[in-house]
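Colleague: Hi! I've never looked at this one before. Could you walk me through it?
Modeller: Happy to. Let me bring it up.

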Amino acid sequence: MKKSRFKWSNLYLILVFCFLYIPIFYLMFYAFNAGSTMNKFTGFSLAHFGELFADTRLIIILLNTFILAFLSALIATLIGTFGALFIYYVKQNRSKTLLLSLNNILMVSPDVIIGASFLILFTTLGTAVGSLNLGFITVLLSHIAFSIPIVVLMVLPKMQEMNDSMVDAARDLGASNFQVLKDIVLPVLSPGIIAGYFMAFTYSLDDFAVTFFVTGNGFTTLAVEIYSRARRGVSLEINALSTLVFLMALILVIGYYYISQDTGKNNSKGGGVK
Amino acid sequence: MKKYNTLFAIPYFIWLVLFVIAPVILIFGYSFLDSQGHFTLANYATYFASGKYLMMTFNSVWYAFLITLVTLIVSYPTAYFLTKLKHRDLWLLLIILPTWINMLLKAYAFIGIFGLHGSINHFLQFFGLAPHQFLFTDVGFMVVAMYIQLPFMIIPIFNGLEELDNSLIRASRDLGANAWQTFTKVIFPLSLEGVKSGVQAVFIPSLSFFMITRLIGGNRVITLGTAIEEHFLVTQNWGMGSTIGVVLIIAMFIVMALTSERKKGGKR
């Protein structure tokens, strides 16, 4: 009895994994199609990869997307880490809960709302300050903004693991604030900080809706570009691109796996979802 | 330390004020403005008076409900079986991997799969069925939405099930419960937290998808998200867009209240 049920469960899992991966492999398979549609495989060819690498516009957009993710994750990690430090040291329970709920608002808001409200914010600021053109800066600010809460959520549990008497001991032994931060606090937090950076990075790479709202004419990210191309119809260049994206995601996931092996199993990509 | 902290936390507070509190106030404020920028209640009047908007809201909630339900039905056994596997960390990683691929690319894949000459129809024809248009239908929209959301449902349920204390299951078996009783009386109630966060993670985005409705749903399915996008970026009627945004925020709070209700008296 037990044995046969075990097999059924495996069959079920295989089906689910097929459902999850067939579309992705389907995309990658047609990247090698000699023809130009996703309907019929007419022969093996690398032509679409050639097209992709010759398409400087797309390559620049790809670079922009990565620079944006790199920068926004970096700044969000800095701000978020100090935010988490502050929240940890808030003594009053009520203000702590309030701070945490405020922190989580952007985590649970649908991205259309984030995008629309940021668009209003930037135009309001624009009229107040003078001129704030929609473009790289507004997209960068938005990405930083929606990445901060996840960093806080990744760093805060590490603070709770920290032994407070260590800080007191360092203080008694004459360490300055900076030394306490550098030698005691940051080493304890570093797994959380790295995990937070990683999450912020992927949030930025994955975002479409917010960028779509707050970007102007001059600046595009990969997701927005794919959207506008996909609306015009199928182009196998996108398939070639997704093959590369998949390989990159694979590398990132393996990297994340090794990091999360260090930080413990509880910080997998659960909970917060945009 | 404290003073030091406060100094470095200043950017965090600027962020709180500028990007959390101000946008919420602005979107509420704009919902009371007409296109000239004067105070008005007309947006809300239009929303409630014209059946169009109410119908759209209802449809959107209904689609989100169906998507969440089907995702849950598929995910629960998946998460449950995953916890029984040997290298579950690795398998879980394989569930996470698709979430790292931009969802636009995933939606794009379905344009090929669903097309009239696409693979699904080749498959149907193989069994002698007539080709059927999946692209630009609501079924197509729901399949794609489900596909994108599936990992976000599986992961929290998996985490919930993994936290479950095995000795409770053994105790229940020792006390004479059969496998089904153990499942319904012990395992499922204890994994409910995971289910709730999964429902939260799937339902709210399902209300607000707009690119899938455009790419896959043709303009047939209009969710709250599509309506907001249209009012903000196409017709430039920010007031009405904000009003629908406020409705979406309220819907979000209802969902969150429903799914986190029991946490207060809960486990910890």
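Here is our chat about the model, chain by chain and then in contact.

Colleague: What kind of model is this?
Modeller: It is a predicted model. The predictor gives the complex an ipTM of 0.84 and a pTM of 0.84.

Colleague: How does chain B score on pLDDT?
Modeller: The average pLDDT of chain B is 85, and 94% of the residues score at least 70.

Colleague: Where does pLDDT stay under 50 in chain B?
Modeller: That happens over residues 263-268 of chain B, a stretch for which the model has zero contacts beyond four places in sequence. Where pLDDT is low, the predicted coordinates should not be read in detail.

Colleague: Good to know. Switching to chain A, how many helices and strands does it have?
Modeller: Chain A has 11 helices and zero strands. Its C-alpha atoms fill a box of roughly 75 × 70 × 30 Å along the principal axes.

Colleague: And what does chain A touch chain B with?
Modeller: The contact takes 66 residues from chain A and 75 residues from chain B.

Colleague: Which helix gives the most on the chain B side?
Modeller: Helix H2 of chain B, residues 10-30, gives the most to the side that touches chain A, with 12 residues.

Colleague: What classes of residue make up that side?
Modeller: On the side of chain B that touches chain A there are 54 nonpolar, 16 polar and five charged residues.

Colleague: Any annotation from UniProt?
Modeller: Yes, an unreviewed UniProt entry carries the annotation "transmembrane region" for several stretches of chain B, among them residues 12-33 and 90-114.

Colleague: What do those two look like in the model?
Modeller: Residues 12-33 of chain B are 86% helix and 0% strand, with the end C-alpha atoms 30 Å apart. For residues 90-114 of chain B, the chain is 76% helix and 0% strand, and the end C-alpha atoms are 31 Å apart.

Colleague: Can you show me a pair of helices in contact?
Modeller: Try H3 (residues 42-49) and H14 (residues 238-260), both of chain B: their axes come within 9 Å and cross at roughly 60°. H3(B) and H14(B) are therefore oblique to each other, and their crossing is right-handed.

Colleague: Which residues make that contact?
Modeller: From H3(B) they are B:Asn43, B:Tyr44, B:Thr46 and B:Tyr47, and from H14(B) they are B:Gly239, B:Met240 and B:Thr243.

Colleague: How many of those are nonpolar, polar or charged?
Modeller: The contact of H3(B) with H14(B) has three nonpolar residues, four polar and no charged.

Technical notes. Residues numbered from 1 in each chain as written. Chains lettered and ligands numbered in written order. Predicted model: local features only at pLDDT ≥ 70, side-chain atom pairs only at ≥ 80, totals over all residues. Axes fitted to C-alpha atoms, helices over the stretch in contact; angles between N-to-C directions. Helix = DSSP H or I, 4+ residues; strand = E, 2+ residues; numbered from the N terminus. Parallel < 35°, antiparallel > 145°, perpendicular 65-115°, else oblique. Left-handed = near helix turned anticlockwise from the far one by under 90°. Contact = placed C-beta atoms within 7 Å. Nonpolar A, V, L, I, M, F, W, Y, C, P; charged D, E, K, R; others polar. UniProt positions renumbered as here; feature names shortened; annotations may be inferred. pLDDT = per-residue confidence, 0-100.
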